[in-house]
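Colleague: I would like to learn how to read a structure like this one, feature by feature. Could you walk me through it?

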Amino acid sequence: MKKQVLASLVAISLSPAAFAQDDEVKPFTMEGELGFISTSGNTETTSISAGIQAHQELEKWSNDYVLKGLYKQETVQQENDAGEQEDIEFTSAQKFFGSAQGNYKLENPDNRLFGFASYEDDRFSNFNYQSTIAAGWNQKVLENKRHTLEYSIGPGYSFIETQDGEDLDSVIVRASSAYSWKISDTAKFTQTVSTEVGSDNTKSRAESALTATISGNLSMRLSFKLDHNTNVDDDVEKLDTETAVSLVYNFF
């Protein structure tokens, strides 16, 4: 099934342009993403991922906003004390992430000063919450009809509380990059990478995504995400991965 979905995305990506898009820069764009997976059998699983991403392009500001959530519930059959099979329901994933970055354009609009803030609540991670504020230098190093590339780097502060209630707040250095490749008028590849280096923990994130237009404002997206923390308990994995196929709707 996954191979069929991937083949469909690649086919759409390489096909001739069927839905031409306007290259004019819009002052505000927003898209919503929704993924749903349900399985049945020995283990019944329901997984829902959702997100909203927005970009605002003004004369002196270039701003990005992200909201994402993930919820997963599983039902398994276990034998109780009476020797009978019964359904046991439990939540196996519950995550929320939000971020905002404002880039103030200097005399050369490709050179900016940025401010960044984020908050993450992952119920099944090593942390009760992770929050970051940072500021520094942002630069757009590549922009043409097919490719865009920008990076940000600067100091900040990380607010972290573990599941045990321990505070791991620290000064950090945050670096990030965002790359976009318009493969055709109906397909786009994006890659984002960020890392926050602190004295107690280094948090890194990466997401690769291939988005292909289905019809009009509706698209299909195949994405692969990585989340890595260096300071976790022995019984917690440092690396979390997520592969998703979702529908995307462009509101603006």
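Modeller: Gladly! Let's begin with burial: a residue is buried under 20% relative accessible area, exposed over 50%, and partly exposed in between. I52 has a relative accessibility of 40%, so I52 is partly exposed. Keep in mind that this is a predicted model.

Colleague: Where does I52 sit, and which residues is I52 in contact with beyond its neighbours within four places in sequence?

Modeller: I52 belongs to strand β2, which covers residues 43–57. Apart from those sequence neighbours, I52 has contacts with M30, E31, Y65, V66 and L67. Take Y65: the C-alpha atoms of I52 and Y65 are 8.1 Å apart, with their positions 13 residues apart in sequence.

Colleague: And how do I get an overview of the chain?

Modeller: Start with the secondary structure. The protein chain has 1 helix and 12 strands, and along the sequence the helix precedes the strands, in the pattern α-β-β-β-β-β-β-β-β-β-β-β-β. Of its 252 residues, 35% are buried. The exposed surface is about 14,700 Å², with 55% supplied by carbon and sulfur atoms.

Colleague: Among contacts between residues at least 6 apart in sequence, what share joins residues at least 24 apart?

Modeller: That share is 50% in the protein chain.

Colleague: Now the strands. How should I read their pairing?

Modeller: A general idea helps here: in a regular strand, side chains alternate between the two faces of the sheet. For the pairing itself, look at direction, bridges and the connection. Strand β4 (residues 85–105) and strand β5 (residues 111–122) are antiparallel and share 11 bridges. A hairpin of 5 residues links β4 to β5, and S99 is opposite S118 of β5. On to the next pair: β5 and strand β6 (residues 127–143) also run antiparallel, with 10 bridges. There, N111 has Q139 in β6 as its bridge partner, and 4 residues lie between β5 and β6 in their hairpin.

Colleague: F127 is in β6. Is F127 buried or exposed?

Modeller: Buried, because its relative accessibility is 2%. Beyond its neighbours within four places, F127 is in contact with several residues, including D122, I160, L168, N201 and V232. For a sense of sequence range, F127 and D233 are 106 residues apart in sequence, yet their C-alpha atoms are 9.9 Å apart in space.

Colleague: What about a polar side chain, such as T211?

Modeller: T211 lies in strand β10 (residues 202–215). With 10% relative accessibility, T211 counts as buried. Its side chain makes a polar contact of 2.7 Å with the side chain of R221. Not counting residues up to four places away, T211 touches T186, A187, K188, S219, M220 and R221.

Colleague: And how do I read aromatic rings?

Modeller: A pair of aromatic rings is described by the distance of the centres and the angle of the planes. The count here is 5 aromatic pairs. Among them, Y249 and F251 are edge-to-face, at 5.2 Å centre to centre and 70 degrees between the planes. Y249 is partly exposed at 39% relative accessibility, and F251 is partly exposed at 44%.

Colleague: Which charged ends sit over the rings of F116 and F97?

Modeller: The charged end of R174 is over the ring of F116, 3.6 Å from the ring centre. Over the ring of F97 sits the charged end of R205, at 4.1 Å from the centre.

How values were computed
Residues numbered from 1 in each chain as written. Predicted model: local features only at pLDDT ≥ 70, side-chain atom pairs only at ≥ 80, totals over all residues. Heavy atoms only, no water. Helix = DSSP H or I, 4+ residues; strand = E, 2+ residues; numbered from the N terminus. Buried < 20%, exposed > 50% of the residue type's maximum accessible area, 1.4 Å probe, protein only. Contact = heavy atoms within 4.5 Å. Polar contact = N/O pair within 3.5 Å; in protein donor to acceptor, adjacent residues only side chain to side chain. Pairing = 2+ DSSP bridges. Areas by Shrake-Rupley, 256 points an atom, 1.4 Å probe, with all protein chains shown as cover. Phe/Tyr/Trp six-rings, centres within 6.5 Å; stacked < 30°, edge-to-face > 60°. Lys NZ or Arg CZ within 6 Å of the ring centre and 35° of its normal.
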